[in-house]
Number of protein chains: 2
Amino acid sequence: MKSTEDKLNHVMVEFYEKLSSWEQAVVKDKGYSLPLVHTVEILGGNGPMRMKELAEKIGVTTGTLTVQIDKMVKLELVTRKPHESDRRSILVELTSQGHELYEEHDALHLQLTGELTAKFSDEERAQFLSFLQRVNAEF
Amino acid sequence: MKSTEDKLNHVMVEFYEKLSSWEQAVVKDKGYSLPLVHTVEILGGNGPMRMKELAEKIGVTTGTLTVQIDKMVKLELVTRKPHESDRRSILVELTSQGHELYEEHDALHLQLTGELTAKFSDEERAQFLSFLQRVNAEF
DNA sequence: GTAATATACTTTGATAGTCAAAGTATATTA
DNA sequence: TAATATACTTTGACTATCAAAGTATATTAC
């Protein structure tokens, strides 16, 4: 007999896998690459960010990120701007076009969220939200 | 003011991003590639699977998967076996070494799950489990 | 029952993503 | 002020990926 912890672990992994498949399918459909959309998603959700921090969140080296950001600058999705207090650092920021792409992608996520929790009551949705907030806070 | 749906959407994305970073860090640490561990994770969680189905879950073409599986066969992590009723198909299956890797990786996930829900009561954990099960069922 | 079409997988050649290591510039510490 | 650390970029080699073409088996239409 499996413990609740065990089951919880597996449904979390399953949720992650399914979201990952979904993301991949959506992104491919739009003609953008996964790393590009991933970058937009993080910048859109968190605001301008240093290269170092962004690289960590994405899970690549700063070298890899430099070339990714170069491409995105050419596509006018992001800009580099100097860090106000540390001249070694650079802030990467979405352009208005980048924001547009973020909003567009976020709308798809919102639709998915709606579908996934369609059968939840308002109270259940609020509880689920609270659980996820607590989990995210521990990460 | 943001709606609960909006917040729920964003905490779900945040959870996904964080798990994704975590996975990347863990995998890199172990010296395996992300696609390799991802494949082991899916086979371990779901049992033997056709190439087509596996490719869809991972989010790559079958061409890409063929070369990935070739490598994993060489590493003795998986084997190919014929599909019993469709001779075009092939089942990919974890070897005992593959299972070992799966268990090892799963243990790390379990530990993470424990940490993330350390402050949950037993009842809350059960509720959270139930919510995630319902969400996964809608995917 | 056979021909046409569809499906599952593999192979191949080109492209994109990745890292490690070395290079440049700025910050911090001794 | 010198030594060391940090943030980013560049480079070269390697890995992952796809699209398209190839092979074998299934299914459908006639």
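At 48% relative accessibility, A:E76 falls in the partly exposed class, because that class spans the range between the buried limit of 20% and the exposed limit of 50%. The model discussed here is a predicted one. A:E76 sits in the loop that links α4 (62-74) to β2 (78-82) in chain A. Its backbone deserves a look as well: A:E76 is not a glycine, yet its phi is positive, at about 60°. For context, most residues other than glycine have a negative phi.

Chain B offers its own example. B:E76 has a positive phi near 60°, again in a residue other than glycine, and is placed in the loop between α4 (62-74) and β2 (78-82) of chain B. With a relative accessible area of 48%, B:E76 is partly exposed.

Attention now turns to the DNA. Strand C is surrounded by 21 residues, the closest being A:T64, A:K71, A:R88, B:K52 and B:T66. By character, the residues of this surface comprise nine charged, eight polar and four nonpolar. Sugar or phosphate accounts for 80% of the strand C atoms within 4 Å of the protein, and bases supply the rest.

Several polar contacts give this picture some atomic detail. The side chain of B:T66 places an N or O atom 2.6 Å from a phosphate oxygen of DNA strand C. A polar backbone atom of B:I90 is 3.0 Å from a phosphate oxygen of the strand, whereas B:R88 has a polar side-chain atom 2.9 Å from a base oxygen. The elements giving two or more residues to the surface near DNA strand C are α4 of chain A and, from chain B, α3 (51-58) and α4.

Terms used. Residues numbered from 1 in each chain as written. Chains lettered and ligands numbered in written order. Predicted model: local features only at pLDDT ≥ 70, side-chain atom pairs only at ≥ 80, totals over all residues. Heavy atoms only, no water. Helix = DSSP H or I, 4+ residues; strand = E, 2+ residues; numbered from the N terminus. Buried < 20%, exposed > 50% of the residue type's maximum accessible area, 1.4 Å probe, protein only. Near = heavy atom within 4 Å. Polar contact = N/O pair within 3.5 Å; in protein donor to acceptor, adjacent residues only side chain to side chain. Nonpolar A, V, L, I, M, F, W, Y, C, P; charged D, E, K, R; others polar.
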